[in-house]
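Hi everyone, thanks for coming. I'll talk you through one structure today, so please have the sequence and the 3D view open as we go.

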Amino acid sequence: MSADGERRNLKILMLPYLAYGHITPFLELAKKLSDRGFSIDLCSTPINLSFIKDKVPEKYSSSIQLVELHLPNLPELPPHYHTTNGLPQHLKQTLFKALKMAKPQFYQILSAQKYDLLIYDIMLLWSARVASTLNIPSLKFYTVNAAVFCYFFHFYYKPGEEFPFPALYLREYEQEKMTHEVVDDAEEEVDRDNITESDKFVLVDSSREIDAKYMDYISETGQAKVVPIGTKFHQDHVVNRDADNMEIELIIKWLGKKKEHSTVFVSFGSEYFLTKEEMEEIAYGLELSNVDFIWVVRFQKGGGQVNKLEDALPQGFVERIGEKGKIVEGWAPQERILKHPSIGAFVTHCGWNSTLESIEFGVPIIAMPMLYDQPLNARLVVEIGVAVEVPRDGNGKLHRVNIAENIKHVIGEEIGQNLRKKVTSLGDNVRLRRGEEMDGVVEVIKQLCDKTDQSKNGLT
Ligand SMILES: O=c1ccn([C@@H]2O[C@H](COP(=O)(O)OP(=O)(O)O[C@H]3O[C@H](CO)[C@@H](O)[C@H](O)[C@H]3O)[C@@H](O)[C@H]2O)c(=O)[nH]1
């Protein structure tokens, strides 16, 4: 282990956006930087920190500290919602507003300690302005990949220009959704101009093995040098809570009875609730494929909707599938399932964390993107040869026959074996690159901190 941060005990404040998909990569980066000798303060709301605390392994308890940021009490916001996960769209904007209202308090936090650097989520550009008023350099972290960054880059900076990469073309219905999301954010982020020295770099949660082409493209435009943090380490993911949980052990036992690479894992992340129609198409698609499966089912409860899992699924489905399928309500130990030898493919929404986990564990991807960056992630993994994508019709609808066909292709056919070879070697390559990619991150941090030191000492 090197100790680049120990040169003069560099202290970094990290500020993730309030969504699990953002907090998780921030925590991974915090661990990697801590391994390199940096002291990290991770800043979020008390509710989020209690969740983060459980995920910080013992060995980091002194190098990663948690710093509380208190949000104002906005009456529209339910008191326990401190992430966008599961929040309706209009309340996501309210949460975003509440976070921005905590700016004066964030100023206090930043000025109370001698921080050498702020690493902030690209959604929270205002925090970099606060840092710059205190003469603290900052570094933005984009918690997905460079291919998606290309899309947003063109959206903001070159409206109307064609994207350079056919792989990134969005279908018409996806374009509409994505544009809507981005415009919402752009309206909130009024202080987007005025790029500082620190904004010359952007960290992405990826590896050059995955999307070097897109990293180079952005870097060559001269707007920002894209620096990948490399993929995450998985050796400490088995938290004790998992081992205590009977249901999880039952899942692993059930998987143990299946043949190698025979079973599909089906899950759509932590944010998305399947519609009734999608639930039906997926259920019948799985049935038609006649392939063994584990399906993590998340559905919106209450408000005139169904409350019981059985009612959310087609009638008689659970009885018909018997031992061929395992249905898990709400949440499953995804990484443990993906690394199980019985798993042959992952039917996923292509949330970026899930996509990276599939690559890490050498599992071929059957892409069913739903929203946000997911369609772009799906095109990227198809482009690099580790996925197939379930086609939708012109209105963006999924059909059971297409779902079944793709599952059958990947499980037990040559196409699946080819995908597995490719994804296994990609997984090996990203692991090999990890150290080198973190060297690159450390280099950038040192450069930013040195520059600030010099200017503080009147050397520039
Ligand atoms: O039953 C479950 C469901 C999820 N997970 C974990 O939760 C994470 C889910 O992350 P991701 O796959 O990225 O999906 P979302 O939660 O949907 O993530 C949001 O954030 C991502 C990163 O910004 C974006 O790529 C997605 O589009 C956005 O929906 C992964 O680490 C999974 O292993 C579990 O362990 N068990």
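**Starting from one glutamate**

Let's begin with a single pair: the side chains of Glu389 and Arg379 make a polar contact, at 2.8 Å. Before I go on, keep in mind that this is a predicted model.

So where does Glu389 sit? You'll find Glu389 in strand β13. Skip the neighbours within four places in sequence, and Glu389 is in contact with Arg171, Ala367, Pro369, Ala378, Arg379, Val382 and Asn406. Take Asn406 from that list: Asn406 is 17 residues away from Glu389 along the chain, and their C-alpha atoms are 7.9 Å apart.

**The sheet that holds β13**

Now zoom out a bit. In which order do the strands of this sheet come? The order is β10-β9-β8-β11-β12-β13, which makes an open sheet of 6 strands with parallel pairing. Because β10 (325-329) and β13 (387-389) each have a single partner strand, they stand at the edges, and one side of each has no neighbour in the sheet. From one strand to the next, the twist averages 20°.

As a quick reminder, strands in a sheet pair through backbone hydrogen bonds, and that can be parallel or antiparallel.

For one pair in detail, look at strand β8, residues 263-267, and strand β9, residues 292-297: they pair in the parallel sense over 4 bridges. If you want one bridge to click on, Thr263 has Asp292 in β9 as its bridge partner. There's a helix here too: α10, residues 246-256, lies across β8, β9, β10 and β11 (343-348), and α10 runs at about 160° to β10.

**The other sheet**

Okay, on to another sheet. This one is open as well, with 7 strands in the order β3-β2-β1-β4-β5-β6-β7 and parallel pairing. Its edge strands are β3 (64-68) and β7 (225-228), each pairing on one side only. The twist here averages 25° from one strand to the next.

Which strands does helix α1 touch? Helix α1, residues 20-35, packs on the sheet and touches β1 (11-15), β2 (39-44), β3, β4 (117-121), β5 (138-142) and β6, with its direction at about 155° to that of β4. Helix α4, residues 103-112, also packs on the sheet, touching β1, β2, β3 and β4, and its direction makes about 160° with that of β1.

Out at the β7 edge, 4 bridges join β6 (residues 201-204) to β7, and the two run parallel. Val204 is part of that, with Pro228 in β7 as its bridge partner.

**The ligand**

Last stop. How many residues surround the ligand? There are 20, and the closest are Ser270, Ala332, Ser354, Glu357 and Asp373. By type, the shell splits into 6 nonpolar, 11 polar and 3 charged residues.

Remember helix α1? Both α1 and α15 (352-360) supply at least two residues of this shell. The largest share, 4 residues, comes from α15.

Let's look at some atom pairs. The side chain of Ser354 has an N or O atom 2.5 Å from an oxygen atom of the ligand. For Asp373, a side-chain N or O atom is also 2.5 Å from a ligand oxygen atom. With Trp352 the backbone is involved: one of its N or O atoms lies 2.8 Å from an oxygen atom of the ligand. Taken alone, the ligand exposes 690 Å², and the protein buries 93% of that.

That's my tour. Any questions?

Note on methods:
Residues are numbered from 1 along each chain as its sequence is written. This is a predicted model: local features need pLDDT of at least 70, side-chain atom pairs count only at pLDDT 80 or more; totals for chains, interfaces and linings use all residues. Side-chain values use heavy atoms; hydrogens and water are left out. Two strands pair if DSSP finds at least two bridges between them. Axes are lines fitted to C-alpha atoms, for helices over the stretch in contact, and angles run from 0 to 180 degrees between N-to-C directions. Contact means heavy atoms within 4.5 Å. A residue is near a molecule or strand if one of its heavy atoms lies within 4 Å of it. A polar contact is a pair of N or O atoms within 3.5 Å; within protein, one must be able to donate a hydrogen and the other to accept it, and residues adjacent in sequence count only if both atoms are side-chain atoms. Accessible areas come from the Shrake-Rupley method with a 1.4 Å probe; for residues, only the protein chains shown count as cover. Ala, Val, Leu, Ile, Met, Phe, Trp, Tyr, Cys and Pro count as nonpolar, Asp, Glu, Lys and Arg as charged, and the others, Gly among them, as polar.
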